[in-house]
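Visitor: Please give me a close look at one part of this model: the charged contacts between side chains. Then tell me what surrounds them.

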Amino acid sequence: MKRNQIKRRLTKNFLAGFAIALGLIGGGLLAVTVTGTFNTFSSGGVMKAADINANFASLKAAIEGIPTQQSMRLIYETDVSSTQDSITVSGLDGNTDKEYKIVTRITAANTSCFFGVRFNGISSSVYGWKTIGATSGPTPDAQANTTITSLLIGTANALGTTTYSDGFILAKTGNSRIFHNLVVQSLSPSTNSIYESYYFSSIWNDSTTNITSMTFMSNISNCYAAGSHIEVWARR
């Protein structure tokens, strides 16, 4: 094979590979404008390293210029291995995170447990909730409490009851923090029997204190049984 034919084939193969690379990269940059020097090449033409490097530099600048979007990230997760009185999640910054998602599956190690979450260890009556749902039957009812010492994440009427909660709270200071969550308590999962299902709107009536920690607690001691699960997600 003549030298010119070899050169043309190598050039053609390089261009094909380069085009594929541009396609793979450009597929994720459809909404991003590529600026700067961008050289084009034709078959049989002379390709200079400086021109190729200029193209990659323009692509690099475009990729690095893509705005970073925040998303919910798992920042804490635990599976309780032995009976616990409380679980604390520290090192938070509500003004930076702005929003938290709290997911729990709690098995009661005692009776008449009221599971809640406190911020920064504050236990004074600056929490309250209203709820609508149904207990032990299809008929809905409503409840309210304005003198509690934590936001509600679940209740348990009997030893071994499992309660589930999934909710969000806007964490940034400036307004009272509202926690919206769904609470489901099941006494007999094996028979698909749900004892209690409620939608809660809870409030932490403190608009100036930044959230730096969460404490998962109960109204009586040692209510978190082994097998309980807690997740905290943050918008980062």
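Guide: A salt bridge here is a side-chain nitrogen of Lys or Arg within 4 Å of a carboxyl oxygen of Asp or Glu. The model is predicted. Keep that in mind throughout.

Start with Arg235. Arg235 forms a salt bridge with Glu99, and their closest N and O atoms are 3.8 Å apart. That distance passes because the limit is 4 Å. The contact links distant parts of the chain: Arg235 belongs to strand 12, Glu99 to strand 3 (residues 99-107), and 136 residues separate them. How accessible is Arg235? Its relative accessibility is 28%, so Arg235 is partly exposed. Glu99 is buried, at a relative accessible area of 17%. The cut-off explains the split: buried means under 20%, so Glu99 at 17% falls below it.

How many salt bridges does the structure hold? The count is 3. Take Asp97 next. Asp97 pairs with Arg236, and the closest N and O atoms lie 2.7 Å apart. This contact also spans distant parts of the chain, with Asp97 in helix 3 (residues 94-97) and Arg236 in the segment after strand 12, 139 residues apart. Asp97 is buried, at 2% relative accessibility. Arg236 is partly exposed, with a relative accessible area of 35%.

Now Asp166 and Lys101. Their side chains meet in a salt bridge, at 2.6 Å from N to O. Asp166 sits in strand 8 (residues 162-170) and Lys101 in strand 3, so this contact ties together parts that are 65 residues apart in sequence. Asp166 is partly exposed, at 37% relative accessibility. Lys101 is buried, with a relative accessible area of 17%. Strand 3 thus appears in two of these contacts, through Glu99 and through Lys101.

Stay at this end of strand 3. Lys98 lies in the loop between helix 3 and strand 3. What stands out in its backbone? Phi of Lys98 is near 70 degrees, a positive value in a residue other than glycine. Most residues other than glycine have a negative phi. Lys98 is partly exposed, with a relative accessible area of 28%.

Asn222 also has a positive phi, near 50 degrees, and is not a glycine. Asn222 lies in the loop between strand 11 and strand 12. Its relative accessible area is 39%, so Asn222 counts as partly exposed.

That loop leads to a covalent link. A disulfide is a covalent bond between the sulfur atoms of two cysteines. The count for this structure is 1 disulfide. Which cysteines does it join? Cys113 is bonded to Cys223, at 2.0 Å from S to S. The angle about the S-S bond is -75 degrees, and the link is left-handed. Cys113 lies in strand 4 and Cys223 in the loop between strand 11 (213-218) and strand 12 (229-235), so the bond ties together parts that are 110 residues apart in sequence. Both cysteines, Cys113 and Cys223, are buried.

Follow strand 4 into its sheet. The sheet is open, with 4 strands in the order 2-11-4-7 and antiparallel pairing. Strand 2 (87-90) and strand 7 (151-156) stand at the edges with a single partner strand each, so one side of each has no neighbour in the sheet. From one strand to the next, the twist averages 15 degrees. Strand 4 (residues 113-119) runs antiparallel to strand 7, and 5 bridges join them. Phe114 stands opposite Thr155 in strand 7.

Last, a surface without charge pairing. Ile132, Leu182 and Tyr199 make a nonpolar surface patch of about 290 Å². Ile132 is found in strand 5 (residues 127-135). Is Ile132 buried or exposed? Ile132 is exposed, with a relative accessible area of 51%. The call rests on a cut-off: exposed means over 50%, so 51% qualifies.

Note on methods: Residues numbered from 1 in each chain as written. Predicted model: local features only at pLDDT ≥ 70, side-chain atom pairs only at ≥ 80, totals over all residues. Heavy atoms only, no water. Pairing = 2+ DSSP bridges. Helix = DSSP H or I, 4+ residues; strand = E, 2+ residues; numbered from the N terminus. Axes fitted to C-alpha atoms, helices over the stretch in contact; angles between N-to-C directions. Disulfide = S-S within 2.5 Å. Buried < 20%, exposed > 50% of the residue type's maximum accessible area, 1.4 Å probe, protein only. Patch = residues over 30% accessible without salt bridge, like charges linked within 9 Å, V, L, I, M, F, W, Y side chains within 5 Å. Areas by Shrake-Rupley, 256 points an atom, 1.4 Å probe, with all protein chains shown as cover.
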